[in-house]
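The following note sets out points on the sheets, the helices packed on them and the main pocket. Please read it alongside the model shown here.

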Amino acid sequence: MLVAADKFKGSLTAVEVAERVTAGLRRIVPGVSVEALPVADGGDGTVAAAVAAGFERREVRVAGPLGDEVTAAYALRGDTAVVEMAEASGLQRLPEGVFAPLTASTYGSGELLRAALDAGARTIVFGVGGSATTDGGAGMLSALGARFAKADGEPVAPGGAGLAELATVDLSGLDPRLASVEFVLASDVDNPLTGPKGAPAVYGPQKGASPEDVERLDAALAHFAKVLEGELGVKAAEYAASPGAGAAGGIGYGALLVGARFRPGIEVMLDVLGFAPALERAELVITGEGSLDQQTLHGKAPAGVATAARAAGKEVVAVCGRLALPPETLGKAGIRRAYALTDIEPDVQKCIAEAGPILERTAERIAHDFLS
């Protein structure tokens, strides 16, 4: 039995999901062998999943999205580092109810990457998602040695809006170690940098951007790419249109500019976490996340787990807080059956507040259905 589930956002971490499922299964079948492999798709919770899989947690003081210092973590095992941009530049780093769509910066994410390089990382998995930022990765690149200046030679202001005043780019100071590492951009979104499907239009409103802010940010990021085109040539425009460039407020674009290779986040994380050997040992796989819905099918962790498990001929069931997919859609995704907390407790707020105990009862049902 393999429990490979993501977090239930706002209720349980991926580690806690695995613990609760295991407890419920063993209440019905005390001797059942359960292996826990908490998973993530590159967004928030990615470092925690790596640590649960045996990576060492490293903490560093870096700049938060508003410039204030925060303690952020990355994960290291051997010469492989897992860096999560949300640790430094995520919405979780903003005070409650505060948004800064125009000025939030990814500078701290660059500092995290630099810390991983300092620790000797030769492979960096850069998980992006849950960002508070829409700066095209300019802050991150600044922390790694790039210079972005206005016409008067002064640095542009932090955040996406400041890029509207960008006049010159100097990439000569970029950390030379970036050229010699394997740099993987891990994300569950494949949006380009700008346009109707770009970072500001699709994700800006989640970060507090008004329609006017979205227009302003989109124009600023398009200008950013145009100025970079003068420095790097046509590939700057090609990167801006590439899948993943718009990930996490455009930090994907910044990563691509310094040699990152885009891969779907869950695929990368399953490789890094050692999913394949764990899958070989399992007869049944339990995956899941807080809400199983249409978004799940587009690169989220449960869909990735189910795809890999189906390819290996393993049966998959899912647990979730809320289920918004019909059985036939689940079946096409490789999930035989889904168990929602709302099946036991229809009150959604109670499900969120008491997710742990309800999930244990849900796991008991799985044990009755599949193990008894």
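1. Helix α9 lies across β6 (123-127), β9 (182-187) and β10, running at about 160 degrees to β9. Helices (H or I, at least four residues) and strands (E, at least two) are DSSP runs, numbered from the N terminus. Contact means heavy atoms within 4.5 Å; axes are lines fitted to C-alpha atoms, for helices over the stretch in contact, and angles run from 0 to 180 degrees between N-to-C directions.

2. The model is a predicted one, in which local features need pLDDT of at least 70 and side-chain atom pairs count only at pLDDT 80 or more, while totals for chains, interfaces and linings use all residues. Residues are numbered from 1 along each chain as its sequence is written, and side-chain values use heavy atoms, with hydrogens and water left out.

3. An open sheet of 6 strands, with mixed pairing, follows the order β3-β4-β5-β6-β9-β10; two strands pair if DSSP finds at least two bridges between them. At its edges are β3 (56-63) and β10, each of which pairs on one side only. From one strand to the next, the twist averages 30 degrees.

4. Within this sheet, β4 (residues 69-77) and β5 (residues 80-84) pair in the antiparallel sense over 3 bridges. A75 stands opposite V82 in β5. Helix α10 (residues 265-273) lies across β4, β5, β6, β9 and β10, and runs at about 90 degrees to β10.

5. A further open sheet is formed by 5 strands with parallel pairing, in the order β2-β1-β11-β12-β13. β2 (35-36) and β13 (337-340) each have a single partner strand, so one side of each is left without a neighbour in the sheet.

6. Strands β12 (residues 315-323) and β13 pair in the parallel sense over 4 bridges, and C320 stands opposite A340 in β13. Helix α16 (residues 355-370) packs on the sheet and touches β11 (284-292), β12 and β13; its direction makes about 150 degrees with that of β13.

7. The largest pocket has a volume of about 890 Å³. A pocket here is an open set of points on a 1 Å grid over the protein atoms alone, where a 1.4 Å probe fits, with protein on both sides within 12 Å along at least five of seven lines; lining residues have an atom within 4 Å of a point. Grid points are joined across faces, edges and corners, and a volume is the space filled by probe spheres set on the points.

8. Of the 34 residues lining the largest pocket, D41, D188, V189, Q295 and K300 lie nearest its centre. The elements that give two or more residues to this lining are α9 (247-257), β10 (261-264) and β11.
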